[in-house]
Amino acid sequence: MNERMIETTVSQPDAATLAEFDWLMSLALDELLDDEDRARFDVLLAEYPSLAGEWAAWQFIDGELDMTPAVAPSSGFVGRFETHLAHYEQERQRRVVLLTTALAVVAGAIVFAGTAGMGAFVFLTQGQWIGEQMRALTLAYTSMNLWLDSVVATAAAMANTPQAQAVGFGYTVAIIAMLAGWIYLLRRSARLDGAPASMQTE
């Protein structure tokens, strides 16, 4: 009965006190407590037995860590790590390229299959209409060739007539006369432009 009464009368720290104690305990483990913080830390240890037990446990852990020897990495660890990292990066890039290629092939296959399926559907359901369109295109191509042949033949026949030859000769003479007149005018204007300059020099 007395033990139960003693346990119930032991005060427990609240959340703010626990946060303060954790901070002070961290400083104490690093030996960074000043006189004021040391006094406050001792007060908390004396007031709350549970905090004193926690402090003893952390002191034990800190001592064990201090006694644990430092283990240096084995010789060539950095080189092996860099080699492994470079190999991992190459493998990752290779997987990305393979995945991208596979996706592109699948997408191309889907597009090809869709196009072929659409073409087959149109051909099977609209075969008569496609035949008519092909026939119309063939007739249009044949008609265009016949028209071009007739135009060329007509032009050749007209060019071989005496009237067409006379008209062509007349056009040729007129063009030559116009070129000669234009050259004469250019020479005359050049002489007129040079005459005042020569008069001024005299």
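In this predicted model, residue I175 is partly exposed, with a relative accessible area of 49%, and it lies in helix α7, which comprises residues 162-201. I175 also takes part in a nonpolar surface patch of about 740 Å², to which V167, Y171, L179, W182, I183 and L186 contribute as well. The value of 49% falls between the limits of 20% and 50% that separate buried from exposed residues, which is why I175 is classed as partly exposed.

The protein as a whole contains seven helices and zero strands, so that its elements, read along the sequence, follow the pattern α-α-α-α-α-α-α. Of its 202 residues, 7% count as buried. The exposed area of the protein is about 17000 Å², and carbon and sulfur atoms supply 68% of that area. Among the contacts with a separation of 6 or more, 50% are accounted for by residues that stand 24 or more positions apart.

Helix α2 (15-29) has 15 residues and reaches 21 Å from its first C-alpha to its last, a span close to the 21 Å that is expected at 1.5 Å a residue. The buried residues of this helix are T17, F21, L24, M25, L27 and A28. These residues cover an arc of only 160° around the axis, which puts them on the same side of α2. On the other side of α2, by contrast, A15, A16 and W23 are exposed. The cover over the buried residues of α2 includes α3 and α4.

After α2 comes E31, which has a positive phi of about 60° although it is not a glycine. E31 is placed in the loop between α2 and α3. With a relative accessibility of 71%, E31 counts as exposed, because the limit for that class is set at over 50%.

Helix α3 follows at residues 35-47, and for its 13 residues a span of 18 Å should result at 1.5 Å a residue; the end C-alpha atoms are 18 Å apart, which agrees with that expectation. In α3 the buried residues are F41, L44 and L45. They cover an arc of only 100° around the axis, and they are therefore placed on the same side of α3. The face of α3 that is turned away from this buried side carries the exposed residues D35, E36 and A46. Among the elements that cover the buried residues of α3 are α2 (15-29) and α4 (49-67). Helix α2 is thus part of the cover for the buried residues of α3, just as α3 is part of the cover for those of α2.

Side chains of opposite charge can pair when their charged atoms come close. In the present model the count comes to three salt bridges. One of them is formed by E20 and R40, whose closest N and O atoms are 3.0 Å apart. Because E20 lies in helix α2 and R40 in helix α3, this pair ties together parts that are 20 residues apart in sequence. Both partners are partly exposed, E20 with a relative accessible area of 30% and R40 with a relative accessible area of 33%.

Two further salt bridges are found in helix α5, which spans residues 77-125. In one of these, R92 pairs with E89, and the closest N and O atoms are 3.0 Å apart. R92 and E89 are three residues apart within α5, about one turn of the helix. The relative accessible area of R92 is 36%, so that R92 is partly exposed, and E89, at 29% relative accessibility, likewise counts as partly exposed. In the other, the side chains of E91 and R94 meet at 2.8 Å, taken from N to O. E91 and R94 also lie in α5 and are three residues apart, again about one turn of the helix. At 27% relative accessibility E91 counts as partly exposed, as does R94 at 41%.

Key. Residues numbered from 1 in each chain as written. Predicted model: local features only at pLDDT ≥ 70, side-chain atom pairs only at ≥ 80, totals over all residues. Heavy atoms only, no water. Patch = residues over 30% accessible without salt bridge, like charges linked within 9 Å, V, L, I, M, F, W, Y side chains within 5 Å. Areas by Shrake-Rupley, 256 points an atom, 1.4 Å probe, with all protein chains shown as cover. Salt bridge = Lys/Arg side-chain N within 4 Å of Asp/Glu carboxyl O. Helix = DSSP H or I, 4+ residues; strand = E, 2+ residues; numbered from the N terminus. Buried < 20%, exposed > 50% of the residue type's maximum accessible area, 1.4 Å probe, protein only. Expected span 1.5 Å × (residues − 1). Arc of directions from axis to C-beta. Contact = heavy atoms within 4.5 Å.
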